[in-house]
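Student: Could we go through a structure together and check what each label rests on? I'd like the reasoning, not just the labels.

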Amino acid sequence: MTQKTTHRKTSSSPAIPVVLFGLDEHGKPKAARFPETQADLATKAAGLLKLQVLPIIGPSISDLAGHLPAGRIHANGRGFVPFIRRDLYAKLVAAADGSSPAHTPTDNVVAASASNPSASQQNAAGDRPKNWDEIATGHVVVAQDTPTDGWYEAVVVDKSGDMFTLRWRDYPRERRITRHRLSLGLLYPNGAYSDAKPNENSSAHKKAEKSSVAVDRPGRTAEGAFPRTWEAIDIGRLVLAKEDGPWRSWWEAIPTEKSRDSLTLRWRDFPQVPNIVRPRFSLALLCPDPK
C-alpha cells in the first residue's frame with residue numbers, strides 16, 4: 001500500500017483547476033480538488049506532500065473531481081488533502097495512467113523477487129490452513145483492512161491465544177494488524193494458487209454437485225449463511241471473492257447461480273456493480289461460528 005512518491009510535473013496552466021492525489025505513509029488514499037485560483041499553489045504543495053497532480057480537463061475528469069472533497073492551501077504553502085475511498089482513488093489512478101505509471105499491489109512482490117526470488121516465490125504461495133483451528137504462525141489467510149477498504153491476504157507472524165498479529169502479504173511496509181481467529185478468512189488450502197482444480201472423481205465433489213440449498217432470505221440459506229467447506233458453497237451463501245480492480249482486494253459476495261464449479265456472484269454491499277463469475281475454489285471462506 002505504498003506508492004512511488006516521484007512528483008509528476010504538469011505543463012498545465014495555473015488557470016486550470018487541478019486534483020492532488022496520492023497515498024499517505026500508511027498507504028491510505030487521499031485526494032482533493034483545487035480551483036483554478038489555487039492551482040499554482042496546489043501544484044507547488046504537491047511537491048512538498050509528494051502527491052501527484054491531475055489537471056481537471058475534459059468531462060470525465062471533471063465529473064470525477066466533482067466527487068472529491070475541496071482542498072485547502074495553508075499559509076505555509078502546504079495543502080490539506082483529505083482521505084478518500086479506495087474506489088475513487090483507483091479511478092484517479094486510471095485517469096492519470098496515460099502520463100504516470102500507477103502503483104499496484106504486485107509492485108512490492110516484483111521488488112522482493114528481484115532481491116530474493118526464492119523468498120518472494122514462497123511468500124506468494126504460502127501455507128494455507130485447512131480450518132480456523134489450524135491457523136498458526138506463517139500461514140496465509142485473508143484479513144479485513146476496514147469495512148470500506150476490503151480484505152487482503154495476510155501472513156500470521158505471531159499469536160496469543162485466539163488473537164493473531166499479521167502483516168499484509170503484498171504490502172510488507174504497512175503496519176501490522178491484530179485480528180481474532182474467527183474474524184479471518186480462509187483460502188483454499190489444496191494447491192499453491194487459488195485457481196487449483198478439484199478432483200472431479202472425489203466423493204466430496206460429487207456430493208457437492210448433487211446438493212442444493214433452499215434460500216429462505218437474501219444472503220442467507222436454511223442451513224446457515226456461511227459454508228464450512230468449499231464443497232458446501234452454494235446459492236445464497238456468503239463468501240469472499242477477489243475483485244478484478246487495481247487493488248485486487250476481497251469483498252463479501254453471494255452466489256446467485258452455479259454451473260458445476262463455476263459460480264455467478266453478486267457483491268453483497270455493491271448491488272450496482274455487475275455480477276462476477278468465479279471458480280468455486282478461488283473463493284475464500286468466512287468463519288461460520290458466531291463472532
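Tutor: Here we go through burial, contacts, ring pairs and backbone angles, one label after another. Keep in mind that this is a predicted model. The protein chain has six helices and 15 strands, and 44% of its 291 residues count as buried.

Student: Let's start with His 139. Why is His 139 called buried?

Tutor: Its relative accessibility is 15%, and the cut-off for buried is under 20%, so His 139 counts as buried. His 139 lies in the loop between helix H5 (117-125) and strand E6 (140-146).

Student: What makes the link between His 139 and the backbone oxygen of Glu 134 a polar contact?

Tutor: Distance is one part: the side chain of His 139 reaches that oxygen at 3.3 Å, and the limit is within 3.5 Å. A polar atom of the same side chain also lies 2.9 Å from the backbone nitrogen of Ala 136. Beyond its neighbours within four places in sequence, His 139 is in contact with residues including Asp 127, Arg 128 and Val 155.

Student: And Lys 28, how do you know whether it is buried or exposed?

Tutor: Same test: 16% relative accessibility against a cut-off of under 20%, so Lys 28 counts as buried. Lys 28 sits in the loop between strand E1 (18-23) and strand E2 (29-34). Its side chain makes a polar contact with the side chain of Asp 145 at 3.4 Å, and among the other residues Lys 28 touches are Phe 83, Arg 86 and Arg 175.

Student: What about Arg 260, why is it called partly exposed?

Tutor: Its relative accessible area is 48%. Buried would need under 20% and exposed over 50%, so Arg 260 falls in between and is partly exposed.

Student: What is unusual about phi in Arg 260?

Tutor: Phi is near 55° there, a positive value in a residue other than glycine. Most residues other than glycine have a negative phi. Arg 260 is in the loop between strand E13 (250-259) and strand E14 (262-267). Lys 50 is another non-glycine with a positive phi, of about 60°, and its place is the loop between helix H1 (39-49) and strand E3 (52-55).

Student: On to the rings. How many aromatic pairs are there?

Tutor: A search of the whole structure finds five. Take Phe 21 and Tyr 89: the ring centres are 5.9 Å apart and the planes are at 65°, so the pair is edge-to-face. The centres have to lie within 6.5 Å, and the planes over 60 degrees apart. Phe 21 is in strand E1 and Tyr 89 in helix H3 (residues 86-96), so the pair ties together parts 68 residues apart in sequence. Both rings belong to buried residues, with relative accessible areas of 1% for Phe 21 and 2% for Tyr 89.

Student: What makes Tyr 152 and Trp 168 an edge-to-face pair?

Tutor: Their centres are 5.9 Å apart and their planes are at 80°, so the pair is edge-to-face. The pair joins strand E7 (residues 150-160), where Tyr 152 lies, to strand E8 (residues 163-168), which holds Trp 168. Tyr 152 is buried at 3% relative accessibility, and Trp 168 at 1%.

Student: Last one: what makes E12 and E13 a strand pair?

Tutor: DSSP has to find at least two bridges, and E12 and E13 have four, in the antiparallel sense. Val 239, for instance, stands opposite Ala 253 in E13.

Methods
Residues numbered from 1 in each chain as written. Predicted model: local features only at pLDDT ≥ 70, side-chain atom pairs only at ≥ 80, totals over all residues. Heavy atoms only, no water. Helix = DSSP H or I, 4+ residues; strand = E, 2+ residues; numbered from the N terminus. Buried < 20%, exposed > 50% of the residue type's maximum accessible area, 1.4 Å probe, protein only. Polar contact = N/O pair within 3.5 Å; in protein donor to acceptor, adjacent residues only side chain to side chain. Contact = heavy atoms within 4.5 Å. Phe/Tyr/Trp six-rings, centres within 6.5 Å; stacked < 30°, edge-to-face > 60°.
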